[in-house]
Amino acid sequence: MAEQKELVTGTCKCGKVEVNVDTSVKTNVVHCLCKGCRDWTGTPVWTVAIYKGPAAKAVSITKGDDVLKRYRHPGLSYDRCFCSECGTSILNMMEKGGVKLFAGVSTCIF
């Protein structure tokens, strides 16, 4: 019997970007205190669920790809993605050849 997906949906503050996460996929949730994450979120800590390798398939953008903007700071190997309408930090994502290698989902969207 195939394992059943447990989907949770998160949105930006204005609701124009929607992200589904399959919570049946095991992951780590971390509190990042680095300067980059503090600057990115405007908070003293960024709580993020990290999905690496095949687990990154658990994260999908289901709405708002047209307003989701990506920013790559020099020196980073991934994109920081945010809603261009309300500015909510949605996730960090690394893709190569159309394959998602990494997704760090901001827990503030749930």
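Is Asp79 buried or exposed? Keep that question in mind while the whole chain is on screen; the tour comes back to this residue at its third salt bridge.

**The whole chain**

Begin with the complete model, which is a predicted one, and colour it by secondary structure, so that one helix and nine strands can be picked out. Followed from the N terminus, the elements run β-β-β-α-β-β-β-β-β-β. If you turn the C-alpha trace along its principal axes, it spans about 45 × 30 × 25 Å. The radius of gyration is 13 Å, which agrees with the value near 13 Å that a compact globule of 110 residues would have.

With a surface displayed, the chain exposes about 6600 Å², and carbon and sulfur atoms supply 55% of that area. Buried residues account for 36% of the 110 residues. Of the contacts between residues at least 6 apart in sequence, 48% join residues that are at least 24 apart.

**First stop: Glu85 and Lys16**

A search of the whole structure finds four salt bridges, and a good one to select now is the pair Glu85 and Lys16, whose closest N and O atoms are 3.5 Å apart. Glu85 belongs to the loop between strand 7 (79-83) and strand 8 (89-96), while Lys16 belongs to the loop between strand 1 (7-11) and strand 2, so the bridge ties together parts that are 69 residues apart in sequence. Both side chains can be looked for at the surface: Glu85 is partly exposed at 48% relative accessibility, and Lys16 is partly exposed as well, with a relative accessible area of 40%.

**Second stop: helix 1**

Next select residues 35-41, which form helix 1, and show the side chains of Lys35 and Asp39, which lie four residues apart, about one turn of the helix. These two side chains meet in a salt bridge of 2.8 Å, taken from N to O. Asp39 counts as exposed at 53% relative accessibility, and Lys35 is exposed too, with a relative accessible area of 52%.

**Third stop: Asp79 and its partners**

Now select Arg72 and Asp79, which form a salt bridge with their closest N and O atoms 3.0 Å apart. Add Arg70 to the selection, since salt bridges that share partners join Arg70, Arg72 and Asp79 into one network. Here the opening question can be settled: Asp79 is buried, with a relative accessible area of 14%, whereas Arg72 is partly exposed at 43% relative accessibility.

**Last stop: Asp22**

Finally, move to strand 2, residues 18-22, and select Asp22. Which side chain of opposite charge is nearest to this residue? That side chain is Lys5, 5.0 Å away, and Asp22 is buried yet has no salt bridge; the cut-off for a salt bridge here is 4 Å, so a separation of 5.0 Å does not qualify.

Asp22 does have a polar partner, because its side chain and that of Ser24 are joined by a polar contact of 2.6 Å, inside the 3.5 Å limit for such a contact. To see the surroundings of Asp22, display Lys5, Glu6, Leu7, Tyr51 and Ala58, with which Asp22 is in contact once its neighbours within four places in sequence are left aside.

Notes:
Residues numbered from 1 in each chain as written. Predicted model: local features only at pLDDT ≥ 70, side-chain atom pairs only at ≥ 80, totals over all residues. Heavy atoms only, no water. Helix = DSSP H or I, 4+ residues; strand = E, 2+ residues; numbered from the N terminus. Buried < 20%, exposed > 50% of the residue type's maximum accessible area, 1.4 Å probe, protein only. Lys, Arg positive; Asp, Glu negative; His and termini not counted. Polar contact = N/O pair within 3.5 Å; in protein donor to acceptor, adjacent residues only side chain to side chain. Contact = heavy atoms within 4.5 Å. Rg over C-alpha atoms; globule rule 2.2 N^0.38 Å. Areas by Shrake-Rupley, 256 points an atom, 1.4 Å probe, with all protein chains shown as cover.
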